[in-house]
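Open your viewer and keep the selection tool handy. We will go stop by stop.

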Amino acid sequence: PLLLPLPAGLTELFEKGRYQAAQNEARAVLAREPGNLEAKALLEDAEVAIVVETRLKSAQAALKRGDRDSALAEVRAGLAANPSDARLMALFRELTQ
């Protein structure tokens with residue numbers, strides 16, 4: 001395994017919330033450098049972020065429909081991917097009060 005620097009802009013994509021683009025770029029780096037630990041870590045982080053964003057949006061949509069059970073299921077699925085996401089934790093507290 002190698003700890004090689006990531007291409008300029010890859011970390012920035014992630015930090016700006018452009019998780020799909022960061023995921024694609026990290027995969028491209030790994031295709032060239034399969035042992036790049038930085039790219040592997042960023043790819044994993046992007047995958048988790050995508051799950052969290054998707055579940056959060058689904059939960060919010062379910063709430064707008066008045067479907068609290070579905071919203072809670074989406075929040076729980078998001079928390080399974082990232083138990084420390086503050087937005088999911090806040091929505092969980094709101095749904096379970």
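The tour below goes from a helix to nonpolar cores and then to salt bridges.

**Before you start.** This is a predicted model: local features need pLDDT of at least 70, side-chain atom pairs count only at pLDDT 80 or more, and totals for chains, interfaces and linings use all residues. Residues are numbered from 1 along each chain as its sequence is written, and side-chain values use heavy atoms, leaving out hydrogens and water.

**Stop 1: helix α4.** Select residues 68–81, which are α4. Helices here are DSSP runs (H or I, at least four residues), numbered from the N terminus. The 14 residues of α4 should span 20 Å at 1.5 Å a residue, and its end C-alpha atoms are indeed 20 Å apart. The expected span is 1.5 Å times one less than the number of residues.

Which residues of α4 are buried? Colour Ala71, Leu72, Glu74, Val75, Gly78 and Leu79. Buried means under 20% relative accessible area, exposed over 50%, partly exposed in between (1.4 Å probe, protein chains only). These buried residues cover an arc of only 160 degrees around the axis, so they sit on the same side of α4. The arc is that of the directions from the helix axis to the C-beta atoms. An α-helix has 3.6 residues a turn, so residues three or four places apart point the same way. Now turn to the other side of α4: Asp69 and Ala80 are exposed there.

**Stop 2: the cores.** Show α3 and α5, which are among what covers the buried residues of α4. The largest nonpolar core has eleven residues, including Val52, Leu56, Ala71, Leu88 and Leu95. A nonpolar core is a set of buried Ala, Val, Leu, Ile, Met, Phe, Trp, Tyr and Cys residues joined through side-chain atoms within 4.5 Å. α3, α4 and α5 each supply at least two residues of this core. Apart from it lies another core, of ten residues, among them Leu6, Leu10, Leu30 and Ala39.

**Stop 3: salt bridges.** A salt bridge is a side-chain nitrogen of Lys or Arg within 4 Å of a carboxyl oxygen of Asp or Glu. The count is six. Select Arg87 and Glu53: their closest N and O atoms are 2.8 Å apart. Arg87 lies in α5 (residues 86–96) and Glu53 in α3 (residues 37–65), so the pair ties together parts 34 residues apart in sequence. Add Asp85, whose salt bridge with Arg87 has its closest N and O atoms 3.0 Å apart. Shared partners join Glu53, Asp85 and Arg87 into one network.

Technical notes. Contact = heavy atoms within 4.5 Å.
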